[in-house]
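Trainee: Could we go through this one together? I'd like to take it piece by piece.

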Amino acid sequence: MSQARAQPGLSGRVDWTFVAAVLGLVTLGTIAMLSAASTTMFYQSILRKHFIALALGLSLFTLTLAFNYQIFQDQSKPLYAVAVALMASVLVLGRSARGHRAWLRLAGFSFQPAELARVLVVLVLADFLDRRARRVGEFPTLLAALAIAAPILALILKQPDFSTALTFLPTITGMLFCAGADMFQMLFVFGYGALALSVPLVVTFCQVRFPYSPPMSLPGLVLSASRFGWPLLAAMVLLAALSAAAWLAAAWLRLSARPLAFIAAPVIVSLAMLTGVAVNRSMKSYQRNRFVAFVAPRSDVQGAAYNVIQSRVAIGSGGLWGQGLFSGTQSQLGFLPERHTDFIFADIGEEMGFWGAGLVLGLYTLLFWRIVAAARQARDRYGYLVCCGLASMFAFVVVLNVGMCVGLMPVAGIPLPLISYGGSSLVVNLFSLGIVANVYARRYALL
Amino acid sequence: MKPDSTRGRLSILWGVISAACVVLGLRLAQLQILDAAYYRDAAERNRSQIIYQTAPRGRFYDRHGEVLAENRGAFTLIFLPGKNRVRRDLEPLARELGRQLGQDPGDLLVTLEQAERDQSAARLAENLPPATAFRLWELKTIYPGIVLIEEARRYYPYGRFASHLLGYMGKMSPREWRNFKARGYRADQRIGKMGLEALFEDDLRGRDGGRRMEVDAQGRIKRELENIPWEAGSNVYLTLDAAVQRAADEGLRESVTGRGAAVAIDPRNGDILAMSSQPDFDPNALLSVDAKTGRPSAGIPEFNNAIAGTYPPGSTFKPIVGLAAFAKGASPDEEYFCPGYYQLGNRRFKCWVHKGHGRVGWFKGLEESCDVYFYNLGLKTGGAEIERYERMFGLGERTNISLRGEKSGHRFGPRQRGKEGKGWYDGDTLNLSIGQGELTVTPLQMAVVTAALANRGQVWRPHFTRRIVYADGRPDFVQHPELSARIDATPRAWDLVQRAMEIVVSSGTGKSARVPGLVVAGKTGTAQNAGGKDHAWFIVYAGRPGEPAKIAVAVLVANGGHGGVSAAPVARRMILARFGLADAQDARAPRPAAPGARPAPPPEILPAGAIR
């Protein structure tokens, strides 16, 4: 620190703990990838792409430190335009792989712009919420924030990439929450979202667990209410009646309650149910299979649930010390699917054991802690919001991916940041973490 | 600057994130520390497939050490399931294998899919000829999951030889599978289905070996993890004399009808020297599977005439009648006149020589098998007394030889009739005196009777085991002779019966069994058969002069007519084989080498390890 005081250079202000966490994760990820991808057919090509992306990402990380992050706030509108343009161009020019039109070819490299768009949305939203700071508690602000993200979300869903779109919601939620949005409003908005999403889950659960339930039993009622029709309408009327009864009861008991709640609650719930039913109807079969695999992993071992089981077996068989690099039978013999991409955490668990997997989890926790610290010490509200958004985003993605590998979350096709193989993901993630480092390094507003 | 409330919210965000990380960490500890053993097992099951290799089954030896059943190496085609393979992936393989093996691809596909579902190895074809095996070897590189192993298969060096006694190996029926599952059998194993193979199943089977292979998700073999050596089964040494058995099998096969049974017993201890039933089968043929149908290529005559065929003994019963009469004090010199029939009331009982034998005493009576003489002798002795001797000789009861399907025959006499609630008449006594009526016996029972006639009254429980040498080092099982009864008769009665039986062979109806230099004593029989031609019987025992008899034989040729013509030559071949004599050879000449030199030893089973 003395050196920094004497000569106020950047190096003294950089959060070296944070940098160490990033480098540690990237190193562990590279080692795991070397092992996990060794049995694939394109090992050489994978290695080449990975190291090119790593070099590019680390340069971007360093480069981002070189200029003030506030430039992103100044250029907010162009950034938003870039994000929308990128996502639109993917749909027009993009290449299809595995049923997603998610890839852009750029100078010989394939590039997945949705990851970049997500970071850009964080930057744009941070600017918006910063400028609306005084009116952040108002409902229009909340809706406007969602409206900003909506076009990009819609374009991503059009690919269709359900999983990536899913990661937007906690990111936006985290930012709104940290910006100080009204909890009651957020509860309604996100309660609506959560309810709408839970409808397909509950319906799938009932379909799998109680396939032959009689029509008047609870699962039977759930199933009949999951279609547009009289039972659904009846359910909504019942909700309205319940709400009215609750209001009367509250009045009779002389409880002080906001009358708005008794109107809003049934409306929100009904709307959420309608949306949920719509989502449920439009779900693709592979998406439903993921729900099935989560709800009942043993129902279809050869199909969607296969991945979940093999991943859990891989992690569990690693034990305390792991089976050693290049020696995990689950990954090296091909039982573990997607072992160098989405399920790389399972490979780490198998080959490096509890210590390896625990180290990765520990480094992530350290990383989150440092991002939160950067947010706490940011010199302006914009930097604070950017860090909050990125913290929510990374934390959600990591928890979702690791949770999927250990069988606590449904299978979502999202990579593990900094560790999974995937060039564009690595570059974008290092770039966005560079912004976090930038916010922290410029916390005293001297540079 | 930020308002304070947002700082609080950041702390909440951090709290949520760190809580999630803690939950994940705990879950990780649960999987990797608490449940690690379970998942390690699961991973181990995933990557390893056991290919079982049938252990060499215990061998059967005859009394001179000749191998009667052994093992040979054979190729077996195994399919190892992969992960996540569906019907579409298996169809080309099923087509190709169907072409190579001549089996229906549809059936093969069903087997392959079953293996995929169960995640366990399946046997597609066994006992493959080497040419097919080498062609299939090449498929291994194209289709993952195809493995050829070599294992031990049962082999019977003599083919059609004591087939009903030795039995054969076969696949389990669904009912047998339910029983054997609990005893550690696998569904695709073969078991002893009959005779000694079934009886000694537990001793013979040994413990199968296996090779634990590491396979990848496609079912491709990566390497061998472990080679579990097999343990061969225990060898069983039989009392059988291969030469006598061969003589019985061939003799019966070449007899008039080619159907019947022959049993030879050592009268000194009850050893079964031969047990033949015709028609027989080749147990080797049941092991090779028909390429077209996938089923054994031969149907088999399961019926064992020697223990399950019951026939009236006919005249071979007459020595027992004589023994009963003399034991009661009858005189052999008393003569009866035979006009060719016996008149009882208004019924006429014929003698088999219609013109009559004239005046007949004991020796002439047995020598020429005069029915009228025995009618008189029987009436004089009484049905009850004859029945007592039936019982002592073990007729009407199983010998308890412990082979499946043994019949007891039917005792005939006043007491038996009384049990059945019916009366006994003199006409019945007449029928009984010549071994007809309701009396039925098995060839095995008659061999035991013959042995008792030869050794003067010791009724042995017949047995076929000498020794079982256990593979696991337990002390050998040694079979001791078991006496089931002793016939009570005077030495004079024995002398009379034995002398008369010698005369039967030397100059009477049994002349075709005569062997110069041996004391041969026998009795022919022609059992009346309501449904067709008479059955031919011959019982005989033989020994060197001055020595106890070494062989007692009972031969039955179904529908063979007269016993002296069709059954006695079979018995003679067996006697010759027992004494190591060639046909027409004098027993006084020096003894030649045993006929049927031992076959060259079969190639040893290659040790497991041929898969690369």
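Trainee: How many residues of domain 1 of chain B are in contact with domain 2 of chain B?

Mentor: Keep in mind from the start that this is a predicted model. In it, 22 residues of domain 1 of chain B are in contact with 21 residues of domain 2 of chain B. The area buried between domain 1 of chain B and domain 2 of chain B is about 1900 Å², and carbon and sulfur atoms give 57% of that area.

Trainee: Which three residues supply more than any others of the area that domain 1 of chain B buries against domain 2 of chain B?

Mentor: Those are B:R63, B:L165 and B:Y237, which supply 32% of the area that domain 1 of chain B buries against domain 2 of chain B.

Trainee: And where do the two domains of chain B run in the sequence?

Mentor: Each is assembled from several stretches: the assignment gives domain 1 of chain B as 48-80 + 95-102 + 123-208 + 229-238, while domain 2 of chain B is 242-277 + 306-470 + 486-579. Taken over C-alpha atoms, the centres of domain 1 of chain B and domain 2 of chain B are separated by 42 Å.

Trainee: How many salt bridges are found across the interface of those domains of chain B?

Mentor: The rule finds two salt bridges across the interface of domain 1 of chain B and domain 2 of chain B. As for a named pair, B:R246 forms a salt bridge with B:E66, and their closest N and O atoms are 3.9 Å apart. Between domain 1 of chain B and domain 2 of chain B there are also eight residue pairs in polar contact, both residues being at pLDDT 80 or more.

Trainee: Which elements give two or more residues to the domain 1 side?

Mentor: On the side of domain 1 of chain B that touches domain 2 of chain B, those elements are α6 (163-166), α8 (195-199) and β10 (235-238) of chain B. The residues of that side divide into twelve nonpolar, four polar and six charged.

Trainee: Switching topic, what about chain A against chain B: how many residues of each are in contact?

Mentor: There, 52 residues of chain A are in contact with 40 residues of chain B. The area buried between chain A and chain B is about 3900 Å², with carbon and sulfur atoms giving 69% of it.

Trainee: How many salt bridges are counted between chain A and chain B?

Mentor: The count between chain A and chain B is zero salt bridges, although ten residue pairs, with both residues at pLDDT 80 or more, are in polar contact between these chains. On the chain A side, the elements that each supply at least two residues are α8 (162-179), α14 (304-318), α15 (329-332), α16 (344-377) and α17 (381-405) of chain A. The largest share of that side, 13 residues, comes from α16(A), and the residues of the side of chain A that touches chain B divide into 29 nonpolar, 18 polar and five charged.

Trainee: What about the build of each chain, say how many helices and strands chain A has?

Mentor: Chain A has 18 helices and three strands. The radius of gyration of chain A is 24 Å, close to the 22 Å that the globule rule gives for 447 residues, so chain A is as compact as a globular protein of that length. Along its principal axes, the C-alpha trace of chain A spans about 70 × 55 × 45 Å.

Trainee: And chain B, what is its radius of gyration?

Mentor: Chain B has a radius of gyration of 34 Å, where a compact globule of 612 residues would have one near 25 Å. The C-alpha trace of chain B spans about 145 × 55 × 45 Å along its principal axes, and chain B has 21 helices and 23 strands.

Trainee: One last thing, which peptide bond is cis?

Mentor: The peptide bond from B:Q278 to B:P279 is cis, with omega near 0 degrees, and B:P279 is found in the loop between β12 (272-278) and α11 (305-308) of chain B. In another loop, between α18 (443-454) and β17 (458-460) of chain B, you will find B:R456, whose phi is near 60 degrees, a positive value in a residue other than glycine.

Notes:
Residues are numbered from 1 along each chain as its sequence is written. Chains are lettered from A and ligands numbered from 1 in the order in which they are written. This is a predicted model: local features need pLDDT of at least 70, side-chain atom pairs count only at pLDDT 80 or more; totals for chains, interfaces and linings use all residues. Side-chain values use heavy atoms; hydrogens and water are left out. Contact means heavy atoms within 4.5 Å. Buried area is the accessible area (1.4 Å probe) that two parts lose on being put together, summed over both. A salt bridge is a side-chain nitrogen of Lys or Arg within 4 Å of a carboxyl oxygen of Asp or Glu. A polar contact is a pair of N or O atoms within 3.5 Å; within protein, one must be able to donate a hydrogen and the other to accept it, and residues adjacent in sequence count only if both atoms are side-chain atoms. Helices (H or I, at least four residues) and strands (E, at least two) are DSSP runs, numbered from the N terminus. Ala, Val, Leu, Ile, Met, Phe, Trp, Tyr, Cys and Pro count as nonpolar, Asp, Glu, Lys and Arg as charged, and the others, Gly among them, as polar. Domain bounds come from an automatic or database domain assignment. The radius of gyration is taken over C-alpha atoms; the globule rule is 2.2 Å times the number of residues to the power 0.38.
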